[in-house]
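Load the model and switch on a stick view for side chains. The stops below go through empty spaces inside the protein and the residues around them.

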Amino acid sequence: MLRRIVSPSSLTRRLFISPTASTTTTPIRAMSSTKAQTQFNDILKSEIESIKAAGTYKSERVIISPQNSAILVAGRDGKPSPQINFCANNYLGLADHPEVIARSKKYLDTHGSGLSSVRFICGTQDIHKDLENQITKFYGTEDTILYASCFDANAGIFETILTDQDAVISDALNHASIIDGIRLCKAKRFRYKNCDMADLEARLQEADKAGARLKLIATDGVFSMDGKISPLDKICDIAEKYNALIFIDDCHSTGFLGPNGRGTAEYFGVQDRVHIVNSTLGKALGGAAGGYTTGSKEMIDLLRNRSRPYLFSNSLPPAVVGSASAALDLIEGAKTNGLFDQLWGNTKLFRKLLTDAGFTIKGDNHPISPVMLGDARLASQFADKMLQRGIYVVGFSYPVVPKGEARIRVQLSAAHTEEQIRQAADAFIEIGRELGVIGAKSKL
């Protein structure tokens with residue numbers, strides 16, 4: 001590829017700096033110390049202290065290696081700490097796959113770093129359309145629209161397709177992004193108990209009594225804190241009884257759940273009965289970033305014209321498009337290259353080892369395997385002790401999960417080896433005994 005050579009003098013002119021000008025920098029202005037700023041800071045400090053007092057303060061650990069089952073974490077002494085990672089959404093281990101990285105680099109070379117534009121102005125490249133078509137073919141839908149994240153996709157869909165004449169019926173444990181997206185729309189809102197079909201039916205009846213024009217059932221395909229799979233087949237039966245549409249957020253099933261990795265709808269054999277699927281490119285599909293909505297051509301056309309997160313956000317960077325495209329290609333061959341078998345085998349082994357030892361593991365035999373602890377401080381303490389033993393996990397507590405339901409959410413990957421899983425199980429059992437979570441006679 002030919003590139004224009006930029007001379008030092010022309011670069012200087014472009015930066016509006018005289019070759020003889022002083023390069024002395026102006027000191028950065030200090031933070032304002034006005035009365036309003038001081039009051040603001042005091043309020044924030046008080047809130048942070050209350051979070052710490054509740055044992056729910058979250059600190060970020062710094063990883064200094066690519067994402068994989070084995071990573072390096074920056075230690076407090078400045079030295080790298082080798083860890084086995086059990087809390088990434090890297091379900092198929094594709095985040096650092098050579099083919100994913102290679103195509104990401106290729107698109108960076110051929111299409112640049114970014115578009116500096118939203119899609120409808122000058123931000124649509126051929127690779128964006130290619131990826132949208134690839135996703136559409138993957139699902140067997142009519143069209144697809146890309147977003148910067150699935151959070152954006154969820155933020156943009158409800159207010160675009162629903163009005164005050166309509167109703168949305170949402171599962172009580174839906175992801176925060178679904179909740180926030182619903183808050184933005186003017187539709188009547190109904191909430192049903194988590195995966196409770198009788199309650200769903202009751203809420204649909206209420207929506208009918210309220211005179212709803214359209215009724216949209218909104219649910220996660222897999223509930224990310226519990227590893228619980230939504231009973232989509234039963235939801236479809238009820239939806240058809242009440243002439244309702246179905247929306248699913250399939251972030252924690254896309255790429256690996258179902259015979260071909262097409263998610264919750266394929267898992268239950270109801271792909272042709274689900275109307276809207278939102279999902280992510282940032283988990284099993286390469287682990288970078290990005291999200292999408294796939295469904296009817298008319299809906300996608302309307303989203304391109306009215307969905308605010310799409311209209312006012314920059315296009316996905318080419319490198320991200322490349323990694324997602326390569327991941328989709330790899331998933332097409334996952335059954336033959338053993339990734340699916342490895343993931344589900346790892347999931348079954350881990351769950352059995354900890355259940356036999358006396359731990360309570362939530363979920364439906366999904367790679368998300370929450371080890372229930374209850375107390376927020378205990379979950380944080382447990383996670384810290386696991387880190388000291390070379391097992392990278394994180395404690396989850398309120399407000400991410402309900403009060404009194406703190407846990408360590410373990411996530412299995414096809415990248416994990418049996419040895420790594422057994423090492424993690426040994427550490428859980430040792431610490432569980434030490435902290436009184438399980439009895440002293442618990443066994444593998």
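The largest cavity in this predicted model has a volume of about 90 Å³. To see its walls, select Arg119, Leu146, Tyr147, Ala148, Pro309, Tyr310, Ser313, Asn314, Ser315 and Leu316. Colour that selection by class: 6 of the lining residues are nonpolar, 3 are polar and 1 is charged. Which elements each supply at least two residues of this lining? They are strand 3 (143-147) and helix 12 (308-311).

Stay with strand 3 and select 143-147. Are its residues mostly covered or mostly open? The strand is mostly covered, with 5 of its 5 residues buried, that is, under 20% relative accessible area. Now look at the directions of the side chains. In a regular strand, side chains alternate between the two faces of the sheet. Here Asp143, Ile145 and Tyr147 point one way, while Thr144 and Leu146 point the other way. Buried positions are found on both sides, since the term covers every one of these residues. Two of them, Leu146 and Tyr147, also belong to the lining of the largest cavity.

Next, add strand 11 (291-295) to the view. Strands 3 and 11 run antiparallel and are joined by 5 bridges. To find one of the contacts, select Leu146 in strand 3 and its bridge partner in strand 11, Tyr292.

Strand 11 leads on to the second largest pocket, which holds about 410 Å³ of space. Strand 11 gives two or more residues to the lining of this pocket, as do strand 9 (245-249), strand 10 (276-280) and helix 11 (297-306). The lining comprises 24 residues. To centre the view, pick Val274, His275, Ile276, Gly295 and Ser296, which lie nearest the centre of the pocket. By class, the lining of this pocket has 13 nonpolar, 7 polar and 4 charged residues.

For the last stop, return to the enclosed spaces. How many cavities of 30 Å³ or more are counted? The count is 2, and the second largest has a volume of about 50 Å³. Select Gln67, Asn68, Ser69, Asn85, Ala88, Asn90, Gln411, Ser413, Ala415 and His416 to show its lining. How does this lining divide by class? It has 8 polar residues, 2 nonpolar and no charged. Set beside this, the lining of the largest cavity has 6 nonpolar, 3 polar and 1 charged.

Technical notes
Residues numbered from 1 in each chain as written. Predicted model: local features only at pLDDT ≥ 70, side-chain atom pairs only at ≥ 80, totals over all residues. Heavy atoms only, no water. 1 Å grid on protein atoms, 1.4 Å probe; cavity = no way out; pocket = protein on both sides within 12 Å on 5 of 7 lines; lining within 4 Å. Points joined across faces, edges and corners; volume = space filled by probe spheres on them. Helix = DSSP H or I, 4+ residues; strand = E, 2+ residues; numbered from the N terminus. Nonpolar A, V, L, I, M, F, W, Y, C, P; charged D, E, K, R; others polar. Buried < 20%, exposed > 50% of the residue type's maximum accessible area, 1.4 Å probe, protein only. Pairing = 2+ DSSP bridges.
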